[in-house]
Amino acid sequence: MLSYPRSHPDGGRDRALPEPHTDGEDEFRVDVERIRFSPYFTRLSAVTQVIPQAGSGTIVHNRLTHSLKVSAVARSIAVGFRDASDTVRSIVDDLGGCDPVVVQAAAAAHDLGHPPFGHLGEQVLDRVARERLGLPDGFEGNAQTFRILTALDSSDATPRGLNLTKAVRAAVLKYPWTRNEWRAVAPRPAEQLPRGVGTDAASGALKFSAYSIEALEMADVLAVFPAIGRHQQTLECSVMDIADDIAYSVHDLDDFYRAGVLQYTSVSAELNGWLAAQSALAGLDNAEVAVRRPGHSLEAAWRRVQEKDAWIADAEAFRNSVERVRTDLVEGLLSIPYDGGLEADRAVSSFTRRWIERLQASIRVERDPDVRSGHVRLSRQAWHDVVVLKFVHTRFVLDRSDLAVYQRGQARVLEALADGFHTWLNDPADAPRAPRRLLDSVEAATEEYRHLRDNAPEYLEVAGVGTGESDLVRLGKSRAVIDYIASFTDAQAMSVATLISGTSDNLWESGRSL
C-alpha cells in the first residue's frame, strides 16, 4: 500500500530562509497559522465577496468567511484521497503528493490579494495600473496574493514575506505564469490556451499568479514539482482551485437567496425557456441570441462553453444540469421566499449541504489533463452543474443594473485614490509628507525592480520597459500605489477617498487608515 500523504522529499518543506525546527512541529501547520494571523487575512472580513454587505438586509459572505469555507471544502477533498483507489493514489504520489494541511494553507491564503469591492475592484485597479500608472503587468488578485506572501507581509524570520514553505507558495499559483510572458506567444484559439490566459496576446495573460518582480520566486517554488507540466497547477493548488469553484457556486447562492436578489419568476423563465426551445434556439445566429428573451442568455452561455471547452462540453450533460438546477434551485429553494423563518433557513441549509456533498463526491484525478483543465477536476456532469450555477450568478445578480450603478461609484473611488496618491508621490515639494507606509513601499518596490534588472532583465524587456534608474523608480512608485490601495478594506477605501478629495468631515479619525 502506498504511503500517504507524501512528505515533499524534493524540497517542498524548504523555506527561503532556514528556520529552527521544533521536534513534532509540522512546517505546513506553521504556515497555516502564519497566514491566519496575518493582518492581510484579518482585513478579508471587511472586503466584499460578491454583493456588498451594506444594504443587503441580511448577513452575507465576505472574503474571510468565503476563504474559511474554501479551506473546509479543500481539506475534505484532500483527505478523501486517503481512501481513493491505488491508481489514484499512485498518480497523487507521482505528482508530488497532496498534503491536506498544504491545501488548507493555500485555501486560507487564496484571496489575500483581493482589493476593496470584490472583482470590480480588481478590474478597476488593473485598468488604472496599466493605463494611468504605466505598469505593464497591471493588477491581478492572484498575483497580489503571491506578492503578499513573498514580499509585502512580514514575519519573525524576515521583514519581507512570510517565509512560507515552497509547497505552500506553489499551492497558491492558480495561474502559474506572468502576464507578460504571453505577449510573445502567437495567437491561438481559446481551446488551446490554459484557462485564464484569454485571447488578447498583445495585452498578455488575463489571469496570472505572479508579477514580473516575483517571477524568479515563482519559478523557484515550481521547480520542486518536476512531474507537473508547464502552465499546470500543483496537485494541492488544483484541489484548492476546485474547492474555490465549489464554494463560490454554492455558498454564494445562499447569499443571493437570503438577500432576496434571486427571484423565482425570472430564473424560472430563463431556464424553462431554454429547456422548452432548445432546438429552436440552436438554430438562431449569435445576433438573434443576444436579444434578451427567456432562454437566450442561457443559449449564449452554452455556445461559449462549446467554443472554449470542447474537451469536456457535452450537450446532454448541459441539459441535465439545467434540469437539475431548475428542479433543486428554482422549484426547490426559490419556491420558498426567504423570510428569516426556520423553514427558509432549513431549506437553504439543506440545499447547500446537498450540493457541496454532490460536488465533493465528483472529484477526478488525471495524470495528463487537458490544457484547460488541471490534475484534479470535477466529473463531466458536475462540471456542467457548476457552469449552470455560475450562469445564474452572472445573469441574475452580477448583471443587475442596480448593482452596476453602485459599482460605478466604487470604481470612481478607486480611480480617485490611484490618481491622488500617484500625483502626490510625483510632487517633489510634498512627497515627503505622504504616508510612511506608502513611502516605505516605494523604496522596497523600486529595489525589487533593480534586483529584477540585475538578475533577469528579460522580464522587463518582454514588457517593453526601460531598465534605466528613472524607469525603475517610476515603476516602484506605481507598484507601491497599487499595493497600498489594494490593502484597504471597503470602508477604508471609501474613507481615504474623501480625505484625498478634501471632502472628509472626519480628518483625524479617517487619517488613522493611512
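In this predicted model, helix 10 (residues 235-259) and helix 17 (residues 380-398) pack against each other at an angle of about 40°, and their axes lie 10 Å apart. Since angles under 35 degrees count as roughly parallel, the two helices are therefore described as oblique to each other, and helix 10 passes helix 17 in a left-handed crossing. On the side of helix 10 the contact is formed by Asp-245, Tyr-248, Ser-249, Val-250, Asp-252, Leu-253 and Phe-256, while helix 17 contributes Val-386, Leu-389, Lys-390, Val-392, His-393, Val-397 and Leu-398. Sorted by class, the residues of this contact comprise nine nonpolar, two polar and three charged.

Helix 10 also has a place in the nonpolar interior of the model, where it gives the most to the largest nonpolar core, with twelve residues. That core holds 97 residues, of which Ile-35, Phe-81, Leu-112 and Leu-262 touch the most other members. A second core, separate from this one, consists of 48 residues and includes Val-124, Ala-418, Ala-434 and Val-465.

One of these residues of the second core, Ala-418, also takes part in the contact between helix 18 and helix 21. Helix 18 (residues 401-425) and helix 21 (residues 469-486) pack at an angle of about 140°, with a distance of 10 Å between their axes. Because only angles over 145 degrees count as roughly antiparallel, helix 18 and helix 21 are likewise oblique to each other, and the crossing in which helix 18 passes helix 21 is right-handed. Helix 18 takes part in this contact through Leu-414, Leu-417, Ala-418, Phe-421, His-422 and Leu-425, and helix 21 through Lys-477, Ser-478, Val-481, Tyr-484 and Ile-485. The residues of the contact divide into eight nonpolar, two polar and one charged.

Helix 18 packs against a further partner, helix 22 (residues 490-500), at an angle of about 50° and with the two axes 9 Å apart. This angle makes helix 18 oblique to helix 22, and helix 18 passes helix 22 in a left-handed crossing. Here Val-413, Ala-416, Leu-417, Gly-420 and Phe-421 in helix 18 meet Ala-493, Met-494, Val-496, Ala-497 and Ile-500 in helix 22. The contact of helix 18 with helix 22 contains nine nonpolar residues, one polar residue and no charged residues. Leu-417 and Phe-421 of helix 18 thus appear both in the contact with helix 21 and in the contact with helix 22.

Several individual residues may be described alongside these packed helices. Glu-461, which belongs to helix 20 (residues 458-461), has a relative accessible area of 53%; because a residue counts as exposed over 50%, Glu-461 is classed as exposed. The C-alpha atom of Glu-461 is separated by 9.6 Å from that of Asn-180, although the two residues are 281 residues apart along the chain.

Two residues in loops, Asn-163 and His-231, have positive phi values without being glycine. For Asn-163, phi is near 55°, and this residue is situated in the loop between helix 7 (141-152) and helix 8 (166-171). Asn-163 has a relative accessible area of 6%, and because values under 20% count as buried, Asn-163 is assigned to the buried class. For His-231, phi is about 70°, and the residue is found in the loop between helix 9 (215-222) and helix 10.

Definitions and conventions
Residues are numbered from 1 along each chain as its sequence is written. This is a predicted model: local features need pLDDT of at least 70, side-chain atom pairs count only at pLDDT 80 or more; totals for chains, interfaces and linings use all residues. Side-chain values use heavy atoms; hydrogens and water are left out. Axes are lines fitted to C-alpha atoms, for helices over the stretch in contact, and angles run from 0 to 180 degrees between N-to-C directions. Helices (H or I, at least four residues) and strands (E, at least two) are DSSP runs, numbered from the N terminus. Angles under 35 degrees count as roughly parallel, over 145 as roughly antiparallel, 65 to 115 as roughly perpendicular and the rest as oblique. A crossing is left-handed if the near helix is turned anticlockwise from the far one by less than a right angle, and right-handed if clockwise. Contact means heavy atoms within 4.5 Å. Ala, Val, Leu, Ile, Met, Phe, Trp, Tyr, Cys and Pro count as nonpolar, Asp, Glu, Lys and Arg as charged, and the others, Gly among them, as polar. A nonpolar core is a set of buried Ala, Val, Leu, Ile, Met, Phe, Trp, Tyr and Cys residues joined through side-chain atoms within 4.5 Å. Buried means under 20% relative accessible area, exposed over 50%, partly exposed in between (1.4 Å probe, protein chains only).
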